[in-house]
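This report describes the sheet, the helices that accompany it and the surroundings of the ligand.

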Amino acid sequence: MQPGPRLVGKVAIVSGGASGIGAETARLFALHSAAVMLCDSNAAAGERVAGEIVAAGGKAMFRPLDVCDEDAWTALVAAAEKSYGKVDVLANIAGISGRDPMMNIQTGQTAGPRLAEQSLANWNQVMAVNATGVFLGTRAVIQPMQRAGGGSVVNISSICGIVGSHSNAAYHASKGAVRIFSKAAAIQYAPDRIRVNSVHPGFVDTPMTKPGHANPEVAAKRLEATPLGRFGTPADIALGCLYLASDESAWVTGTELVIDGGMTAN
Ligand SMILES: NC(=O)c1ccc[n+]([C@@H]2O[C@H](COP(=O)([O-])OP(=O)(O)OC[C@H]3O[C@@H](n4cnc5c(N)ncnc54)[C@H](O)[C@@H]3O)[C@@H](O)[C@H]2O)c1
């Protein structure tokens, strides 16, 4: 691994680091010389990603975390500060689609229950992981970032945080919450040079979208809606996170970085 120059001296926490966009972001941050603390509820996969980064010459460690657990966030951030001396970057990437876990193959246009069939339990779970998890993570790094003289929080929303669709309304609501939460946090902590931005991926090939993209009918509709004519890769999104994490975006806060192959331009 050739160390890149874009995150030299930075310490980054990446939630959702065990899979998909989070794993690729952790790899890219480490490739650009950040010390990375990956966290995820999937410990086996998270350990594997951290091990791969270290084996390739990067600096990384894994710690299990449920992003809905307030105390676990406090402990995780303290561990990052203890291990690496400070916290400069938090990428809140962990998330769930709200799809029925029994639904291995997506058969219709919607990846979750329609509103009339939506249970309160499903709504609460999606909001807890996707929205409350982002709040808890962001809150936990404020004081460490103040101590470090500033920082960058990168919150993964979605195109579903900008436009509606047939998909799970709870997913849309949770991603819309991330979008506007990020702007409020950006304004509150701009005086401390803590930047907070949201990233809005379109349809990206990851384990989360596999059931849908494996269905030719669903995949064709999604590709048709994507002007650039292909699904995104985790690297397409990780590169946006890298920009927002780095000092190259020093004058960027409260903004929305849409990376969607042109979908929402339509
Ligand atoms: N893939 C897409 O097309 C797409 C599009 C827009 C937004 N997103 C968002 O990108 C993010 C990453 O998704 P992905 O596509 O890489 O999916 P993924 O399923 O590959 O990764 C999500 C990760 O989050 C972890 N996670 C789930 N619940 C958790 C919890 N309570 N605590 C800690 N970790 C938890 C999972 O274990 C998994 O490792 C999500 O927030 C998702 O909503 C994805």
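## Sheet, helices and ligand shell

L38 stands opposite F62 in strand 3. The model is predicted: local features need pLDDT of at least 70 and side-chain atom pairs pLDDT 80 or more, while totals for chains, interfaces and linings use all residues. Residues are numbered from 1 along each chain as its sequence is written.

Strand 2 (residues 35–40) and strand 3 pair in the parallel sense over 6 bridges; pairing requires at least two DSSP bridges. Strands (E, at least two residues) and helices (H or I, at least four) are DSSP runs numbered from the N terminus. An open sheet of 7 strands has parallel pairing and the order 3-2-1-4-5-6-7. Its edges are strand 3 (59–64) and strand 7 (256–259), each paired on one side only.

Two helices lie across strands of this sheet, with contact meaning C-beta atoms, placed from the backbone, within 7 Å. Angles run from 0 to 180 degrees between N-to-C directions of axes fitted to C-alpha atoms, for helices over the stretch in contact.

| Helix | Strands crossed | Angle to strand 6 |
|---|---|---|
| Helix 5 (residues 169–189) | strands 5, 6 and 7 | about 165° |
| Helix 8 (residues 234–245) | strands 1, 4, 5, 6 and 7 | about 165° |

Elsewhere, the axes of helix 3 (residues 70–84) and helix 4 (residues 120–148) come within 9 Å and cross at roughly 40°. Their contact involves, among others, W73 and V77 of helix 3 and L136 and A140 of helix 4.

The ligand is surrounded by 28 residues, the closest being S19, G20, G95, T206 and M208; a residue counts if its C-beta atom, placed from the backbone, lies within 6 Å. Helix 1 (residues 20–31) gives the most to this shell, with 3 residues.
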